[in-house]
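Biologist: Pick one part of this model for me, please, and walk me through it slowly. I'd like the surroundings as well as the part itself.

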Amino acid sequence: MAQFTVPTHIITGKGALDEAKAYIKSYGKKALIVTGKHVVKSTMMQALIEKLEDIEIEYNIFDGITGEPTDCMIEEGIKVYHDNNCEFLIGIGGGSPLDAAKAIGAMITNPGVIADYNGKEIPNRIPPVVAIPTTAGTGSEATKFTIITDSKKDIKMLLKGDYLIPELAIVDYEFGMTAPRSVTVATGLDALTHAVEAYTSKKATVMSDTLAVSAIKRIVKYLPLVSQDGSNREAREEMAIAALEAGICINNSSVTLVHGLSRPIGALFHVPHGMSNAMLLTRCMAFAAPEVTDRLAILARETKVATLEESDTIAADKFIVKLEEICKICEIPTLSEYGINQDTFDRAIEKMATDAVASGSPSNTRRVVTKEDCMKLYKEVY
Ligand SMILES: NC(=O)c1ccc[n+]([C@@H]2O[C@H](COP(=O)([O-])OP(=O)(O)OC[C@H]3O[C@@H](n4cnc5c(N)ncnc54)[C@H](O)[C@@H]3O)[C@@H](O)[C@H]2O)c1
Ligand SMILES: [Fe+2]
């Protein structure tokens with residue numbers, strides 16, 4: 001038996017905002033738009049505001065999401081929401097503003113502070129959240145997760161609950177056209193990591209498998225293309241759909257070892273989320289391979305990197321080599337090449353391994369993962 005959960009409405013394609021107007025109007029009279037300093041000045045923002053004015057929805061803009069979101073940014077957003085009597089939220093931007101909109105929403109109807117809910121389910125229904133991604137990566141528009149940094153403890157908290165799933169996801173690939181190469185490749189590799197992790201997760205289901213295979217095929221074909229030419233519309237569109245598919249996958253089947261190890265690197269060393277996943281992806285998949293050889297072999301055949309005649313073991317190896325090749329095309333550095341000091345990193349390994357295990361994600365891996373395994377993997381990928 002398996003459940004499958006998605007946002008109430010998903011609108012995809014060019015001009016999706018137009019199609020969304022009637023839904024947006026039904027959520028209330030006044031929206032809090034949550035975004036960052038770059039997107040707030042963009043034509044995407046202008047397009048959103050025009051649509052809101054068309055349907056006579058009032059709005060306030062909170063553009064305080066200046067990086068991956070922290071508890072302090074969420075506190076500020078909650079204040080703006082209350083001070084202006086907003087009734088629902090619109091997150092527009094990359095995964096950071098989308099996650100921030102969900103977290104602000106959570107703290108409108110749930111008591112205490114955001115850190116109280118680390119690792120717990122958000123218990124009360126939150127105001128409607130509209131999610132408009134402008135990167136093709138996190139899939140946050142379709143997930144019940146929000147990742148917020150606890151600035152006192154230096155950890156990326158994983159908050160979850162069905163109430164965090166956006167009411168409406170608006171996925172217009174045109175919004176991703178302006179993303180610079182560094183953002184395009186990091187976010188694309190985040191989506192690839194989601195799909196591969198969900199497919200090899202203990203919690204994989206028939207429905208998430210279908211979408212994972214679809215997302216992986218799109219990404220293997222189109223991420224190398226879009227990394228070379230950001231103006232390739234077809235590739236942007238395919239990547240936006242793949243990111244959505246991969247988000248739905250993790251919503252239902254969870255992430256595993258890669259995200260488990262990645263979040264502590266993000267919290268302590270501020271490596272962008274997709275990039276830290278990519279730094280870990282091939283090594284972690286090679287670690288998990290003995291328990292997921294059959295599944296990696298299917299992915300190899302689906303993406304045509306192995307033939308039907310080749311054994312599962314050879315096919316699985318070839319898929320891992322393919323992942324490595326994509327990371328190389330995307331010019332993903334190692335942690336050392338990224339400039340992280342070895343001594344500082346080595347000293348952080350114990351804390352990172354503890355935090356990774358505590359997040360629960362590594363235990364979704366089909367191979368048993370111990371804290372010692374995590375410490376060893378951190379050393380290997382440095
Ligand atoms: N909720 C989930 O299920 C989930 C899943 C994966 C990751 N995440 C979280 O998402 C966050 C990362 O999100 P992200 O990778 O999308 O990065 P991001 O939202 O931090 O954006 C990265 C940069 O790209 C810029 N940008 C965004 N769209 C642009 C566009 N169209 N044109 C030009 N510039 C643009 C932003 O201004 C920012 O500087 C992390 O905090 C991560 O933990 C959440
Ligand atoms: Fe991710």
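Modeller: Let me begin a little way off, with Val113, which sits in the loop between helix 4 and strand 5 (129-133). This is a predicted model, by the way. Val113 has a relative accessible area of 40%, so it counts as partly exposed. Along the chain Val113 and Asp373 are 260 residues apart, and their C-alpha atoms are separated by 33 Å.

Helix 4 brings us to the part I'd pick, the surroundings of ligand 1. Helix 4 gives five residues to the shell around ligand 1, the most of any element. The shell has 27 residues, and Gly95, Ser96, Asp99, Thr134 and Thr143 come nearest to the ligand. Sorted by type, the shell holds 13 polar residues, nine nonpolar and five charged.

Now the polar contacts, where nitrogen atoms of ligand 1 come up three times. Ser140 puts a side-chain N or O atom 3.4 Å from a nitrogen atom of ligand 1. With His38 the partner is again a polar side-chain atom, and the separation from a nitrogen atom of the ligand is 3.5 Å. Ala179 takes part through its backbone: a polar atom there is 3.3 Å from a nitrogen atom of ligand 1. As for how covered the ligand is, ligand 1 on its own exposes 880 Å², and the protein buries 86% of that. Two or more shell residues come from each of helix 4 (95-109), strand 6 (145-150) and helix 5.

Helix 5 is a handy bridge to the metal, since His194 lies in it. His194 is one of the protein donors of the iron ion (ligand 2); the others are Asp190, His259 and His273. The aspartate binds through OD and the histidines through NE2, at 2.1 to 2.2 Å from the iron ion. What about the geometry? The angles between the four donor atoms run from 84 to 171 degrees, and that is why the arrangement counts as irregular. In chain terms, the donors follow the spacing D-x3-H-x64-H-x13-H. Take His194 and His273: they link distant parts of the chain, as His194 belongs to helix 5 (residues 181-200) and His273 to helix 9 (residues 273-302), 79 residues apart. Both come out as buried, with His194 at a relative accessible area of 3% and His273 at 16%.

A last look at the stretch leading up to helix 9. Ser254 is in the loop between helix 7 (233-253) and helix 8, and its phi is near 70 degrees, positive although the residue isn't glycine. Ser254 counts as buried because its relative accessibility is 12%, under the 20% cut-off. Next comes helix 8 (residues 257-269), which holds Leu268. Leu268 has 24% relative accessibility, so it is partly exposed. The C-alpha atoms of Leu268 and Ile332 are 19 Å apart, with their positions 64 residues apart along the chain. His270 then falls in the loop between helix 8 and helix 9. Its phi is positive too, near 55 degrees. Why flag positive values? Because most residues other than glycine have a negative phi. His270 is exposed, since its relative accessible area is 59%, whereas Ser254 is buried.

How values were computed. Residues numbered from 1 in each chain as written. Chains lettered and ligands numbered in written order. Predicted model: local features only at pLDDT ≥ 70, side-chain atom pairs only at ≥ 80, totals over all residues. Heavy atoms only, no water. Donors = N, O, S within 2.8 Å, 3.2 Å for Na, K, Ca; no water. Tetrahedral: all angles 85-135°; square planar, octahedral: opposite > 155°, others 65-115°. Helix = DSSP H or I, 4+ residues; strand = E, 2+ residues; numbered from the N terminus. Buried < 20%, exposed > 50% of the residue type's maximum accessible area, 1.4 Å probe, protein only. Near = heavy atom within 4 Å. Polar contact = N/O pair within 3.5 Å; in protein donor to acceptor, adjacent residues only side chain to side chain. Areas by Shrake-Rupley, 256 points an atom, 1.4 Å probe, with all protein chains shown as cover. Nonpolar A, V, L, I, M, F, W, Y, C, P; charged D, E, K, R; others polar.
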